[in-house]
Each structure stands twice: as structure tokens, then as C-alpha cells.
Amino acid sequence: MGTGKTDEELMLAYAQGDALAFDALYQRARSMLYRFILRSVPDRAVADELFQDTWSRAIQARARYRVEAKFSTWLLQIAHNLIVDHQRRQRPQADADETERVLGLLDVPERERPEEVLSDFEQRRRLQLALAALPDEQRIAFLLRIESNLGLEEIAQVTGAGHETVKSRLRYAFAKIRERLAE
């Protein structure tokens, strides 16, 4: 089973009850998935747990699977979400007051705001996910600017990066956060 079929066809077959299709998918994707997780979470025990959780989530979601992207992209998205959740649990979280302060500083223009206003909880969750999705350098620069109210020169001193590098990191961080919050 599985020879000649795409990953997407195999996943659809598995969703219809073909267990051999899942075996073929697992054999094809396991190395790629494990490498991705292990590079994202260097602790092997945590990587093993996230690897198993990813496959469990894929199995649970098999009936809802739709071919909207490559199977590997779908599987990596599941893994990425689990990694982000794990990393978020490892860091102190912003409380509601801090989150509201950051959201106020972002001040998205009205034309870019979603039509439906999100609840406070959803906004905090989106901000946390947006921060977790930033590369470390951008997240650090953003947090130093917003939480510590440091200027460009001070951030450059703290991080050991150049003034223009800090400016660039902040610009990308703000843009990515605005984009994530507008979704």
C-alpha cells in the first residue's frame, strides 16, 4: 500500500479507514518530522513527546483532514503549534495589564482592524502566539522596547547588535505582530 500515491491521497485513504495508508504516511514523514521537532526543541525527551503528540493530533484530526496544502505542511503546522505551546509554557506570560499596554502601543489603524472585536482572552492568546512565533532576536528587541521602554541605542547595547540591526528587528517584529493580530 502507498506506492504511487501522494501523501495527500494516503491521508484521505487513512481517513476512510485504511490503516496501511497511515503506515505508509508514517514511514515517509517520520524522519522529516522528528528532525524538525528536535531542531526546534533540543531536549530529546521533549522532542520525543512532541513527536508522539503530533502524530496523535494527526490521527485525531483524520476525519477533518482536507487537501488545502501538502500533507507535510499540515503535519508540520501541527508540530509547530505544539512547539509554540511548549515554549510558551516555559516562559513567564504577560498578565492582562501588560498585554493591554502592548496592544495599546501597537495601535492598529481602524482600516486594518478586524470587523469582529475579539474578547480580551482571545487578544491575549493571539498576542502570546504572535510573540512566540517571532524569531528570538526580534522577540527580545520587541520586549526590551515595549516592556522595558528602552530606546534603540539601549537595546543595541543590551543585545550587542548594531543600531540599524535593532531598528530592522523592531520593524519586522511590529509588522509580524500586527499581521498576526489582524488575522
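**Close-up 1. Lys-167 and Glu-164 form a salt bridge in this predicted model.** Let's start on helix H9, which covers residues 163-182 and holds both partners. The N to O separation between the two side chains is 3.8 Å, and this pair counts because a salt bridge here needs the nitrogen within 4 Å of the carboxyl oxygen. Lys-167 and Glu-164 sit three residues apart, which is about one turn of the helix. Glu-164 is exposed, at 52% relative accessibility, while Lys-167 is partly exposed, with a relative accessible area of 35%.

**Close-up 2. A salt bridge joins Arg-28 to Asp-7.** Here the N to O separation is 2.7 Å. Arg-28 belongs to helix H2 (residues 19-40) and Asp-7 to helix H1 (residues 7-15), so this pair ties together parts that are 21 residues apart in sequence. Both side chains can be found with some access to the surroundings: Arg-28 is partly exposed at 38% relative accessibility, and Asp-7 is partly exposed at 22%. By the rule used here, the count of salt bridges comes to two.

**Close-up 3. The largest nonpolar core has 26 residues.** If you would like landmarks, look for Leu-33, Ile-37, Leu-50, Trp-55, Phe-71 and Leu-75, the residues with the most contacts inside this core. At least two core residues come from each of H1, H2, helix H3 (44-60) and helix H4 (71-90). The most generous contributor is H2, which gives eight residues.

**Close-up 4. Phe-71 and its contacts.** Please set aside the neighbours within four places in sequence for this view. What remains in contact with Phe-71 is Asp-7, Glu-8, Met-11, Leu-25, Ala-29, Trp-55 and Tyr-65. Asp-7 will be familiar as the salt-bridge partner of Arg-28, and Trp-55 is listed, like Phe-71, among the residues with the most contacts inside the largest core.

**Close-up 5. Helix H4 and its buried residues.** H4 has 20 residues and reaches 29 Å from its first C-alpha to its last, close to the 28 Å expected at 1.5 Å a residue. Its buried residues include Phe-71, Leu-75, Ile-78, Leu-82 and Val-84. Look out, too, for Ser-72, Asp-85, His-86 and Arg-88, which are also buried.

**Close-up 6. A second nonpolar core, separate from the largest one, has 16 residues.** Handy residues for finding this second core include Phe-142, Ala-156, Leu-170 and Phe-174.

Definitions and conventions:
Residues are numbered from 1 along each chain as its sequence is written. This is a predicted model: local features need pLDDT of at least 70, side-chain atom pairs count only at pLDDT 80 or more; totals for chains, interfaces and linings use all residues. Side-chain values use heavy atoms; hydrogens and water are left out. Helices (H or I, at least four residues) and strands (E, at least two) are DSSP runs, numbered from the N terminus. Buried means under 20% relative accessible area, exposed over 50%, partly exposed in between (1.4 Å probe, protein chains only). A nonpolar core is a set of buried Ala, Val, Leu, Ile, Met, Phe, Trp, Tyr and Cys residues joined through side-chain atoms within 4.5 Å. Contact means heavy atoms within 4.5 Å. The expected span of a helix is 1.5 Å times one less than its number of residues.
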